[in-house]
Amino acid sequence: MTNRHRLLVVDDDPLNTLTLSEIFSLKGYQVDTANSGPDALEKVRNQDYSCVLSDIKMDKMNGVELLIAVRAIKPSLPFILMTAYSDDDLILQGIREGALITLIKPLDIERLLGHVARILKIDALN
Amino acid sequence: MDKKVNILIVDDNEQNLYLLKVLLEGNGYALTLCRNGNEALEAARLNPPDLIISDILMPGLDGFALCRQWLSDEKFKKIPFVFYTATYTDPKDESFSLDLGAARFIRKPQEPEKFIAIIKEVLNEYQAGTLKQSPSDLKEEIFYKQYNESLIRKMEDKLLELEKANQQLEELNQSSKTLTYRIEAGLRAGNLAWWDMELPSGKVTFDNRKAEMLGYSPDEFSTYEDFTKLLHPEDHPKIMQAMQDHLDGKAEVYEVEYRIKTNSGSYKWFRDIGAITEKNAATGQMRVIGIVEDISKHKEAEQKLFDEALRHRNLMDQSRDGIVILDQRGGVYEANQRFADMLGYSREEIAKLHLWDWDYQIPKSKLLQMVRSVDEKGDHFETQHKRKDGGILDIEISTNAAVFAGQKLIFCVCRDITERKRTAQALEEYSNHLEELVEERTRALEQAQQELITKEKLATMGQLAGSVGHELRNPLGVINNAVYILEASLPAENKKAREFAQMIASQVKKSNRIISDLLAFAKEPETSKSVVDIAHLVKQVLQNLPPPQGVDVKTSFARNLPPAYADAQHVEQILTNLISNAYQAMPHAGTLQIQGKKEKDGVHIAIKDSGVGIQPENMPKIFTPLYTTKATGIGLGLPIAKKLAETNGGRIKVESIPNQGSTFTLILPMAGGQNDQ
């Protein structure tokens with residue numbers, strides 16, 4: 001049930017990256033994780049990913065800042081934001097900067113999987 | 001008489017000719033007029049007259065010479081020759097004339113009847129052949145001697161007369177100069193100028209002074225066009241009318257006041273007065289002469305007087321006090337509008353009243369005495385006046401007397417103090433209740449303070465709840481993810497493990513709902529109002545929130561139920577909270593009634609359950625956050641509902657009887673601002 005898509009999951013809570021990585025692996029994706037913005041950026045530089053999923057609220061570099069930095073080097077890389085803060089101004093900023101989807105934690109896993117599958121299909125068509 | 005008698009008249013003086021012509025023509029004679037002897041002879045040869053009347057002294061052939069020639073001419077010598085002369089007549093002239101053979105010598109002035117009688121007599125004699133007229137048998141030298149003497153006499157007389165006339169002319173000239181001087185000086189002193197106009201040509205001659213009065217040179221102001229060009233446009237028709245009225249005989253003189261532009265650009269007021277001085281009925285030609293006066297100063301003074309009168313009138317009319325001026329008999333001399341209004345009369349009515357018609361408290365005799373005794377120092381007192389409609393006014397009066405136009409008048413300034421008195425009384429009554437009021441206010445203040453404290457507490461708690469809620473979402477998220485993995489990894493036959501995993505998943509969802517409630521309560525709600533169909537919304541909420549088993553739901557909406565004006569999502573939230581509360585109040589069974597109707601203060605949506613009800617002692621706490629009597633829930637449903645209702649301009653009303661049920665009524669503003677309050 002493996003597929004060729006490699007995802008990068010970014011969250012400063014290692015339990016989050018661990019569980020999400022496990023869920024995507026169950027669905028046959030190859031998953032890398034990063035627990036900070038700079039770490040994630042480094043990985044994006046060195047590896048081709050099909051999609052990046054990142055938490056917003058992180059120290060040093062938050063998810064939106066990461067999004068902006070990723071856009072600079074891989075402009076067409078699909079980007080999904082996740083946050084526990086439903087009314088954060090950062091969500092709006094993330095949408096403006098080109099995040100495809102923003103999901104509120106606790107995540108509805110089936111919805112998340114559906115979104116990712118659709119994004120990758122569209123991306124493959126492109 | 002078939003043919004008119006023809007008379008030839010010879011005279012070098014036109015006026016004499018004219019007079020004789022009028023007289024003789026009037027008596028039925030035909031006339032030939034000549035200016036000297038030669039002319040006369042010529043005319044007589046062409047058409048011999050029946051009689052000739054001649055003057056003596058004439059240029060060319062004089063009367064004496066003409067007579068001599070006339071009588072020596074075979075053709076004329078029988079035709080009567082009459083001298084008619086006034087000038088310098090010496091008795092010798094008459095005898096000389098008769099010596100020459102003239103039929104008659106008539107001396108001027110002669111009364112017309114006598115003159116005509118003489119002419120008739122001569123003509124009769126001529127026709128009867130009895131006329132004594134024969135050429136002189138004077139010797140030539142004697143004739144010339146007498147002739148010369150007579151002429152010299154006449155010349156001397158003429159010279160004398162000329163001198164006299166000259167002297168008269170000189171005197172006339174002198175008096176004319178004096179008159180001109182006087183007129184000039186008078187015009188100048190009076191700031192006047194003359195003008196002289198010919199009609200219908202409209203040609204005007206202006207006194208140079210008119211130009212000078214306006215600051216122009218005479219060249220710049222010499223024609224009628226110059227005049228009309230400088231005239232104030234509004235005054236032109238007025239001038240035309242005044243002139244027309246005079247020409248038509250409607251006005252004895254032409255008199256008009258008008259504005260005219262000076263050289264400096266400002267306007268001066270002028271007055272023209274003039275009249276027709278000459279009129280030729282036949283040709284329609286006329287001459288109008290008059291003077292123009294600079295009346296700017298009068299106008300200015302007039303305006304000042306008018307303004308002052310107006311100001312005085314305004315002061316009186318615009319006074320906020322009633323002003324009435326009384327005469328010595330207590331009658332109204334004058335009253336302003338305010339005074340009439342105060343008493344409810346028209347101004348015409350008030351003018352006919354007397355003091356005792358409204359000052360009903362004091363007897364008439366006393367009032368008259370008061371009127372007579374008021375002096376210029378005046379008086380000040382309070383009284384009561386009766387209105388036309390019988391109403392009583394409290395009045396404060398200031399009076400004083402002054403002599404005006406020969407009579408003593410009493411000025412009364414009346415102020416209506418009815419309201420003031422009433423206010424004072426109310427104030428007194430009010431102060432009696434003050435203590436009560438203070439207590440009441442204190443209670444209200446304490447309550448407000450308590451509410452403020454509660455609100456502040458809530459705000460702090462809201463912030464805290466917000467951050468706690470958010471922070472809890474992260475670990476919940478991990479649990480959520482982990483349960484998903486667990487469920488996915490568990491073999492299908494491990495039913496027990498799967499059941500417990502599901503339990504975790506559902507509790508995560510529940511926890512998340514609590515967090516959402518907390519966040520909703522902590523968040524300052526933003527409203528996006530629109531027209532909300534209540535019946536539709538209730539239906540929608542009931543679909544999302546089906547009643548538990550045993551609970552019967554009944555809805556009824558009034559036909560005239562208007563839509564509410566509110567944030568639809570908020571209303572949905574409120575209804576969800578109230579309905580789920582109602583369900584929970586009926587754990588075993590019951591009836592939920594939802595009723596919508598229109599009331600004065602808005603749209604009412606009543607949610608009535610037949611549940612456990614609320615104990616009276618709990619009633620004040622039900623909207624307090626985190627207060628709950630239920631095993632489940634954290635006590636935010638009602639506080640959120642209340643907060644959202646208030647955010648949308650509405651409120652929630654509660655009625656409850658323990659063990660019978662509760663009714664929560666949501667009241668919202670009607671769409672279209674139809675609320676009566």
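Two strands count as paired if DSSP finds at least two bridges between them. The model discussed here is predicted.

Q: What is the strand order of the open sheet of five strands with mixed pairing in chain B?
A: This sheet of chain B is open and has five strands. Its pairing is mixed. From one strand to the next, the twist averages 15°. The order is 17-19-20-22-21.

Q: Which strands stand at the edges of that mixed sheet in chain B?
A: An edge strand here has a single partner strand, so one of its sides is left without a neighbour in the sheet. Two strands of chain B fit that description: strand 17 (551-557) and strand 21 (651-657).

Q: Which residue in strand 19 of chain B is the bridge partner of B:Lys554?
A: Strand 17 of chain B runs parallel to strand 19 (residues 590-599) of chain B, and seven bridges join them. For B:Lys554, the partner in strand 19 of chain B is B:Gln593.

Q: At about what angle does helix 20 of chain B run to strand 21 of chain B?
A: Helix 20 of chain B lies across two strands, strand 21 and strand 22 (661-668) of chain B. Against strand 21 of chain B, its angle is about 140°.

Q: Is B:Asn659 buried or exposed?
A: B:Asn659 sits in the loop between strand 21 and strand 22 of chain B. Its phi is positive, near 70°, though the residue is not glycine. The cut-off for exposed is 12 or fewer other C-beta atoms within 10 Å. B:Asn659 has 9, so it is exposed.

Q: At roughly what angle do the axes of helix 17 and helix 20 of chain B cross?
A: Helix 17 spans residues 495-522 of chain B, and helix 20 spans residues 637-647 of chain B. Their axes come within 10 Å. The crossing is left-handed. The angle is roughly 35°.

Q: How many charged residues are in the contact of helix 17 with helix 20 of chain B?
A: Helix 17 of chain B brings B:Asp517, B:Ala520 and B:Phe521. Helix 20 of chain B meets them with B:Pro639, B:Ile640 and B:Lys643. Four of the contact residues are nonpolar and none is polar; the charged ones number two.

Q: What is the strand order of the open sheet with parallel pairing in chain B?
A: This open sheet of chain B also holds five strands. Strand 2 (30-34) and strand 5 (104-107) of chain B each have a single partner strand, so they stand at the edges. Neighbouring strands are turned by 20° against each other on average, direction ignored. The order is 2-1-3-4-5.

Q: Which residue in strand 3 of chain B stands opposite B:Ile7?
A: Strand 1 (residues 6-10) and strand 3 (residues 51-54) of chain B pair in the parallel sense. Four bridges make up this pairing. Opposite B:Ile7, in strand 3 of chain B, stands B:Leu51.

Q: Which strands of chain B does helix 5 of chain B touch?
A: Helix 1 (residues 14-26) of chain B packs on the sheet and touches strand 1, strand 2 and strand 3 of chain B. Helix 5 (residues 112-128) of chain B packs on the sheet as well, and its direction makes about 175° with that of strand 5 of chain B. The strands touched by helix 5 of chain B are strand 3, strand 4 (81-85) and strand 5.

Q: Which element gives the most to the side of chain A that touches chain B?
A: In this contact, 16 residues of chain A meet 16 residues of chain B. The chain A side divides into nine nonpolar, three polar and four charged residues. With seven residues, the top contributor is helix 1 (residues 14-26) of chain A.

Q: Which residue does a cis peptide bond join to A:Lys105?
A: The bond has an omega of about -5°. The partner lies in the loop between strand 5 (101-104) and helix 5 (109-125) of chain A. That partner is A:Pro106.

Q: Where is B:Pro200?
A: A cis peptide bond joins B:Leu199 and B:Pro200, with omega about 5°. B:Pro200 has its place in the loop between strand 6 (192-199) and strand 7 (204-206) of chain B.

Key. Residues numbered from 1 in each chain as written. Chains lettered and ligands numbered in written order. Predicted model: local features only at pLDDT ≥ 70, side-chain atom pairs only at ≥ 80, totals over all residues. Axes fitted to C-alpha atoms, helices over the stretch in contact; angles between N-to-C directions. Left-handed = near helix turned anticlockwise from the far one by under 90°. Contact = placed C-beta atoms within 7 Å. Nonpolar A, V, L, I, M, F, W, Y, C, P; charged D, E, K, R; others polar. Buried ≥ 20, exposed ≤ 12 C-beta atoms within 10 Å, placed from the backbone.
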